[in-house]
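Q: I have a protein model open and do not know where to begin. Can we read it feature by feature?

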Amino acid sequence: MNAPDLHQLLGAYVLGGLDAADLRRFEEHLQECADCQDELAGLERLPALLDALPVPDAVALTGGSRPAAAVEPGGAVPRTLYDKLAARRRKVRRRWTALVGAVAAACLALGIAVAPILNRPPQPDASYSVQAESGLRFSVDLARKTWGTELAVNGSSMPLDGTYSLWVRDRDGGEDRACAWTATPSGRIRVTGATPVQLASIASVELRDEGQRAVAVITVP
């Protein structure tokens, strides 16, 4: 018995209508056939549904016109019913597969279209920059947070050695260290810092060396 023939036994297998020989052959086939495994999972409730439905009505649902007298002896459901149910389920599944594929393709296209917008970094609430006489360029983006302010620091032509820190001075004269870093061989840095000082209360942002000398100062209006 080849694979297509074995596949036709699926309905009978679900309803327990196979003899011992066919049952053994089908279960061996089932271990290797992904299609049968998938369809079996979809038909697992079929026995309970058929128990509650008269056989002539079940046959009618498949579009068949066989009378109740055509039912196999002993009240068993005709094998043709299994075949029709399986064929109808495969047809419905193909339709759903096509629909899901179309929806997935549409979502993918939409994702590609909106990706540049979604990936765009949030805009800062304020940005400031300064260039020192030494050629050092230093900028900071400030973003309001419920807990204070986030600072995104960018620098170029920075000193090539030593440790540096960013300090925030508030309008009452207090100060807080937002972040610190070690100089890079390229003279470029990109660091993110944070301070509990609210943006509206920041008076200045200072870049200091390890001796706490101000290397660059940005005054916040």
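A short dialogue follows on strands, a pocket, salt bridges and burial.

Q: What kind of model is this?
A: It is a predicted model. Keep that in mind as we go.

Q: Let us begin with sheets. How do strands of a sheet pair?
A: Strands in a sheet pair through backbone hydrogen bonds, in either a parallel or an antiparallel way. Now take the case here. Four strands make an open sheet, in the order β1-β2-β3-β6. Their pairing is antiparallel.

Q: Which strands are at the edges of this sheet?
A: Look for strands that pair on one side only. Here these are β1 (126-131) and β6 (189-195).

Q: By how many degrees are neighbouring strands of this sheet turned against each other on average?
A: The average is 20 degrees, with direction ignored.

Q: How many bridges pair β1 with β2?
A: Six bridges pair them, in the antiparallel sense. Strand β2 covers residues 137-145. You can follow single partners too. Ala126 has Leu142 in β2 as its bridge partner. Val130 stands opposite Phe138, also in β2.

Q: What lies between β1 and β2 along the chain?
A: The two strands form a hairpin, with five residues between them. Look at Gly135 in the turn. Its phi is positive, at about 100 degrees.

Q: How is β2 joined to β3?
A: Along the chain, a hairpin connects β2 to β3 through two residues. Across the sheet, nine bridges join these antiparallel strands. Return to Leu142: its bridge partner in β3 is Leu151. Leu142 is also the partner of Ala126.

Q: Now pockets. How does one find empty space in a model?
A: The general idea is to roll a probe the size of a water molecule over the atoms, which shows where empty space is left. We shall try it on one pocket.

Q: How much space lies in the second largest pocket?
A: The second largest pocket holds about 210 Å³.

Q: Which residues line the second largest pocket?
A: Among them are Pro122, Gln123, Pro124 and Asp125. Leu142 is in the lining as well. So we meet a residue from the sheet again, as Leu142 pairs with Leu151 in β3.

Q: Which elements give two or more residues to that lining?
A: They are β2 and β3 (148-156). The largest share, four residues, comes from β2.

Q: How many lining residues are nonpolar, polar or charged?
A: The lining of the second largest pocket has five nonpolar, two polar and four charged residues.

Q: Next, salt bridges. What should I look for?
A: Look for a side-chain nitrogen of Lys or Arg within 4 Å of a carboxyl oxygen of Asp or Glu. A search of the whole structure gives seven salt bridges.

Q: Which residues are linked in a network of salt bridges?
A: Arg169, Glu175, Glu206 and Arg208 are linked this way. Trace the pairs one by one. Glu175 bridges to Arg169, with the closest N and O atoms 3.2 Å apart. Arg169 also bridges to Glu206, where the closest N and O atoms are 3.6 Å apart.

Q: What does the pair Arg169 and Glu206 tie together?
A: Arg169 lies in strand β4 (residues 163-170) and Glu206 in strand β7 (residues 202-208), so the pair ties together parts 37 residues apart in sequence.

Q: Which residue does Arg208 bridge to?
A: Arg208 forms a salt bridge with Glu175, and the closest N and O atoms are 2.9 Å apart. Arg208 is in strand β7 and Glu175 in strand β5 (residues 175-182), so this pair ties together parts 33 residues apart in sequence.

Q: Are these four residues buried or partly exposed?
A: Under 20% relative accessible area counts as buried. Glu206 is buried at 12%. Arg208 is buried at 8%. Arg169 is partly exposed at 28%. Glu175 is partly exposed at 41%.

Q: Where does Val205 lie, and is it buried or exposed?
A: Val205 lies in strand β7. Its relative accessibility is 1%, so Val205 counts as buried. The C-alpha atoms of Val205 and Leu166 are separated by 7.0 Å. Along the chain, these two residues are 39 residues apart.

Methods: Residues numbered from 1 in each chain as written. Predicted model: local features only at pLDDT ≥ 70, side-chain atom pairs only at ≥ 80, totals over all residues. Heavy atoms only, no water. Buried < 20%, exposed > 50% of the residue type's maximum accessible area, 1.4 Å probe, protein only. Pairing = 2+ DSSP bridges. Axes fitted to C-alpha atoms, helices over the stretch in contact; angles between N-to-C directions. 1 Å grid on protein atoms, 1.4 Å probe; cavity = no way out; pocket = protein on both sides within 12 Å on 5 of 7 lines; lining within 4 Å. Points joined across faces, edges and corners; volume = space filled by probe spheres on them. Nonpolar A, V, L, I, M, F, W, Y, C, P; charged D, E, K, R; others polar.
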